[in-house]
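Biologist: I am new to this structure and would like a close look at a single part of it. Could you take me through the pockets and the elements around them?

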Amino acid sequence: FAPPWLRSRIVSAPAELGAGSRLRYRLRLFGVPIRWLTEITAWHPPRAFTDLQLAGPYPLWEHSHRFTAVEGGTEVYDVVRYRVPGGPLAPLVDRVFVSRWLGDIFDHRRDRLTELLR
């Protein structure tokens, strides 16, 4: 559930997901096309799964998704470990740009999930 400004789409994915599944994405950031390849490295339905970027914009991107049953629904937790490119400027790039974008992306995701699962 990426925000429209990313123009994100899944290019290829297996019909059934599981450990070892690879997904290819394309998105655009400031008009620049970005290709992204992830692999599901942990698969524990219905509780959790983790995907790891194999190719894409980050030196490290590991995204864990966790689902917990609660009264009246399900809580969704996203935990992302990432490193920003940029060498010695990476902390500045993260603080000024990337962490804000990620906040916007995950806020959008939360809002879409809430809307769809109402």
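Modeller: Helices and strands here are DSSP runs, numbered from the N terminus, and the model they are read from is a predicted one. With that in mind, the setting of the pockets is an open sheet of 6 strands, ordered β1-β2-β3-β4-β5-β6 with antiparallel pairing. Because β1 (9–12) and β6 (73–83) stand at the edges with a single partner strand each, one side of each is left without a neighbour in the sheet. From one strand to the next the twist averages 30 degrees, and helix α1 (residues 90–116) packs on this sheet, where it touches β2, β5 (60–70) and β6, its direction making about 160 degrees with that of β6.

The largest pocket holds about 1100 Å³ of space, and among the 38 residues that line it, Ala2, Trp36, Trp61, His63 and Ile105 lie nearest its centre. At least two lining residues come from each of β2, β3, β4 (48–55), β5, β6 and α1, with α1 supplying the largest share, 9 residues. Sorted by class, this lining has 31 nonpolar, 5 polar and 2 charged residues.

The second largest pocket has about 200 Å³ of space, and its lining is made of Thr74, Val76, Asp78, Phe106, Arg109, Arg110, Leu113, Thr114 and Leu117. The elements giving two or more residues to that lining are β6 and α1, and α1 again gives the most, here with 5 residues. By class, the lining of the second largest pocket divides into 4 nonpolar, 2 polar and 3 charged residues.

Notes: Residues numbered from 1 in each chain as written. Predicted model: local features only at pLDDT ≥ 70, side-chain atom pairs only at ≥ 80, totals over all residues. Heavy atoms only, no water. Pairing = 2+ DSSP bridges. Helix = DSSP H or I, 4+ residues; strand = E, 2+ residues; numbered from the N terminus. Axes fitted to C-alpha atoms, helices over the stretch in contact; angles between N-to-C directions. Contact = heavy atoms within 4.5 Å. 1 Å grid on protein atoms, 1.4 Å probe; cavity = no way out; pocket = protein on both sides within 12 Å on 5 of 7 lines; lining within 4 Å. Points joined across faces, edges and corners; volume = space filled by probe spheres on them. Nonpolar A, V, L, I, M, F, W, Y, C, P; charged D, E, K, R; others polar.
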